[in-house]
Structure formats: structure tokens, C-alpha cells
Amino acid sequence: MQRGVILTGGGHGIGKQICLDFLAAGDKVCFMDFDEKHSSEFAAQHTDLFYYCGDVANPERLKEFVDFAMERLQRIDVLVNNACRGNHGILSDLDYNGFDYVLSVGLKAPYELSRLCKDELIKNRGRIINIASSRAFQSEPDSEAYASAKGGIVALTHALAISLGPDVLVNCIAPGWINVSAQEDYTQTDKAAIPAGKVGNPNDISSMVMYLCNHDFLTGETITIDGGMNKRMIYHGDWNWQYHTD
Ligand code: NAD
């Protein structure tokens, strides 16, 4: 069966690879993205790929996106909430509106799209896949907005799983460092610091999206894919780890 897949942030990076994987599986995909240039070029390359231009922080555009997708796909089986971007935090004096914008993109939009797609997803016994971050669980300084959005989407995932199950299975992926640029923007030492010995690539995440969409006994979970970074214990002076204060 050809599934109808809708996704946010499909014009670049992880979202683009997720689109490609669903297309390769024979599905129809409609994505929303505010980067019109890259997104329309990408959509023009595939007959079963449809693009809607808009900012997911705007709830009116979300409703238009779902209507647009239904016209093109005729059905919605999978919703992937992928779009998000960081915006610093308290050390940069990020204000109320700046904080709220990140929550609108990374948390309110996933809720609203889940609500708008609920009846279709229930009818089709569908899936919701949310993209969080390992920053839902670990922080660097000055990252409050992004960490809050990502922590929120982890909680949203289990709440939706309980509300919408057993008809809709809802899971989340928390990526670590994923290289989304054409170049390798990292060093050999960066790679060596990650227990898996590499920086991730978009396929490391999209393959899990596909796996979750074909699994029927997983729901409410968040799966961390970070090459083991969150499992490494670091103490200054042990195993060559050095904390520099300068
Ligand atoms: P990316 O910047 O390469 O691509 C994101 C896409 O989403 C872009 O096409 C962008 O235009 C679009 N987008 C962003 N904000 C939008 C908005 N408000 N409205 C509409 N479109 C919007 O990003 P990525 O690295 O592929 O990240 C994808 C997801 O993975 C995000 O949720 C991100 O937080 C998460 N993530 C990424 C990494 C990483 O290292 N790349 C790590 C952890 C989590």
C-alpha cells in the first residue's frame, strides 16, 4: 500500500533524507518548509513529492498545509514532526518572544499537526514520529529554548501515545551530532570523542524512522541515536579527558 506521509522541514538535512527514504519505499510525501529555494528545487525532482511553503510556527499555515497535503495525498498515514532550530537562552538574554518562537516551532507545531491529522491517522492506524535531540537530556550552557522544546516533545510523545493508542503508534528519535552539510565540518578528534567513532549522518536517523513505521509493538518511546555520547562518563583527569577553564 502506498502511504501518505507528511513531514515538516523536508527541504534540507535529516528531513530531506526522510523524504527520500519514504519515496524509495514507494510512498507519497508532502512536506512543509520555509526555505523556498531548496525545497522547491527538491520537490521538482520527484513526482510523488509535494511541497508547501510556510513557517510551522504559524498555526494558520499548519491548517493550510494539512488541507494541501490531503488534496495531494488523499490520505495521511504518517506524520513526521522534524522542523526545529535552536535559539540560545538565558546567557544571551533570549527574551520571552524568542523563547516562545522556539517552542512554537519545536513543540506547539507538533501538537497542532497531531491534532489536525488525528482523524486520518486513527482511520489509517497510522504513525507519528517526532524528532527530538539528545539535548532533551543533556545541556551545554545557553541552550534553554531548544532544550525545553526537545524535552517537551519527548513528553508530548508519550502523552500522544497513550491518548491515540492503539490506533496510532507514536515514537520519538533523539539524535546526537548529525552532519547535515555537504562537507565534513568536523575533525578526526571530534569523531574519536564519540564512542561509535563517527559523526552521524541523516541516514542514521531516517533508517530509524522507517523502522518505527514498520514496527507494531513500540509506542511512547524516545530512541537516542547519538553514537553513544550520552553513555560516556567524563571526569577531568581520567582517560585523558581534560577540562579547560580558559
Ligand atoms: P537542517 O537545518 O539541516 O534542516 C531543517 C529544515 O527545516 C530546513 O530545511 C529548514 O528550512 C526547515 N525549518 C526549520 N525551521 C522551520 C520552520 N520554523 N518552519 C518551516 N521549516 C523550518 O536541520 P537538521 O539538522 O536536519 O535537523 C532536523 C531535526 O533534527 C531538528 O528537529 C533538529 O532539532 C534535530 N536534530 C538535529 C541534530 C543535528 O546534529 N543535525 C541533532 C539533534 C537533533
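These are my notes on the ligand site and one pocket of a predicted model.

**Ground rules.** The model is predicted, so I took local features only at pLDDT of at least 70 and side-chain atom pairs only at pLDDT 80 or more, while totals for chains, interfaces and linings use all residues. Residues are numbered from 1 along each chain as its sequence is written, and side-chain values use heavy atoms, without hydrogens and water.

**Ligand shell.** I looked up which residues surround the ligand (a heavy atom within 4 Å of it). There are 27, and the closest are H12, I14, D33, N82 and Y146. By class I count 14 nonpolar, 8 polar and 5 charged residues in this shell. Nonpolar here is Ala, Val, Leu, Ile, Met, Phe, Trp, Tyr, Cys and Pro; charged is Asp, Glu, Lys and Arg; polar is the others, Gly among them.

**Polar contacts.** I then checked pairs of N or O atoms within 3.5 Å. A ligand nitrogen lies 2.9 Å from a side-chain N or O atom of D55. A ligand nitrogen is also 3.0 Å from a polar backbone atom of V56. On K150, a side-chain N or O atom is 2.8 Å from a ligand oxygen.

**Cover.** On its own the ligand has 830 Å² of accessible area, and the protein covers 90% of that (Shrake-Rupley method, 1.4 Å probe). Elements giving two or more residues to the shell are α1 (13-24), α4 (96-123) and α5 (144-164); helices are DSSP runs of H or I, at least four residues, numbered from the N terminus.

Technical notes. A polar contact is a pair of N or O atoms within 3.5 Å; within protein, one must be able to donate a hydrogen and the other to accept it, and residues adjacent in sequence count only if both atoms are side-chain atoms.
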